[in-house]
Structure formats: C-alpha cells, structure tokens
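Trainee: Please take a close look at one part of this protein, the nonpolar core and the helices that pack around it.

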Amino acid sequence: MVYTSLSELTDVQKEELVASLSCLVIGDNELSAEKLSAVASASGNSVSDVMAALFCNVVSKAPKGLEQFTPPPGGGGGGGGGGGGGGAAAAEEAKEEEEEEEEADLGGGMDMFGGGDGGDY
C-alpha cells in the first residue's frame, strides 16, 4: 500500500516510523530507550517505553548495528539508470518514435481473414 500522507498511517505504524528515525538520529554508540524517547518528544511525537526499548534492543543485537539496516548508496539494489542530460536529444527521439508509431491507412477494404466484402458471417 502506498501512503501519500503521514496522517494515513495507523498509530502503531507512525510510532514505528518515529522510533526508526529517532534511532538514525541518535546513532549506534549512544542509543538508549531514554534518548530515543527524548528525540521523539523533541520532534513533537511520542514513542511508548516498550517500543523504545524494543528498537534499542534490536539495534544493539544487530551484528553491524544501524549499518545492518542502512546499506551504503550503491550497495545492492538495481543497476541504476543511465546518465542524465541530453534533454533536447531525448525529446527529439521521443518525437521521432511517435511519428513511427502511426499506422498507415490500408484503405480499410480487408478484414482479418482477407475478404473485403464482409461476406460469409
């Protein structure tokens, strides 16, 4: 499901999002449930003590800490697109393709089976 607004999230989903982002703000070395709750409060949100403790526990037990959940750019994932630029050339190519897609008028005298008289049906 795609969300277009944070108001569409359930309370639990919003709490998980706030806890996740708070973990990223604090970092591995200083992460604690109290600090996570403080960051959430400073952002105008709240995280339950249980959720704060859960997120701290998960991050602290991960072999690579937060790096386990935040791979570096370019690590894994798709191959990426080609380089940008060439806007005018790309627009011209699109125009040429559009012209090629037009179908030639064959006169309309034939049906799918080759007959033009509309006969034996």
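Mentor: What follows goes from the whole chain to the core and then to two helix contacts.

This is a predicted model, in which local features need pLDDT of at least 70 and side-chain atom pairs count only at pLDDT 80 or more, while totals for chains, interfaces and linings use all residues. Residues are numbered from 1 along each chain as its sequence is written, and side-chain values use heavy atoms, with hydrogens and water left out.

The protein has 4 helices and 0 strands, where helices (H or I, at least four residues) and strands (E, at least two) are DSSP runs numbered from the N terminus. Of its 121 residues, 18% count as buried, that is, under 20% relative accessible area with a 1.4 Å probe and protein chains only.

The largest nonpolar core holds 14 residues; such a core is a set of buried Ala, Val, Leu, Ile, Met, Phe, Trp, Tyr and Cys residues joined through side-chain atoms within 4.5 Å. A19, C23, L31, L36, V47 and F55 have the most contacts inside it. Two or more residues each come from α1 (11-26), α2 (33-42) and α3 (49-61), and α3 gives the most, with 5. In soluble globular proteins, nonpolar side chains tend to be buried together.

Take V47 next. Leaving aside neighbours within four places in sequence, V47 is in contact (heavy atoms within 4.5 Å) with E15, V18, A19, L36, S37, A40 and A52.

Now the helix pairs. The axes of α2 and α3 come within 8 Å and cross at roughly 120 degrees; axes are lines fitted to C-alpha atoms, for helices over the stretch in contact, and angles run from 0 to 180 degrees between N-to-C directions. That makes α2 oblique to α3, since angles under 35 degrees count as roughly parallel, over 145 as roughly antiparallel, 65 to 115 as roughly perpendicular and the rest as oblique. From α2 the contact takes A33, L36 and S37, and from α3 it takes D49, A52, A53, F55 and C56. These divide into 6 nonpolar, 1 polar and 1 charged, with Ala, Val, Leu, Ile, Met, Phe, Trp, Tyr, Cys and Pro counted as nonpolar, Asp, Glu, Lys and Arg as charged, and the others, Gly among them, as polar.

For α1 and α3, the axes come within 10 Å and cross at roughly 45 degrees, and the two helices are therefore oblique to each other. Here E15, E16, A19, S20 and C23 of α1 meet M51, F55 and V59 of α3. The division in this contact is 5 nonpolar, 1 polar and 2 charged.

How values were computed
Buried means under 20% relative accessible area, exposed over 50%, partly exposed in between (1.4 Å probe, protein chains only).
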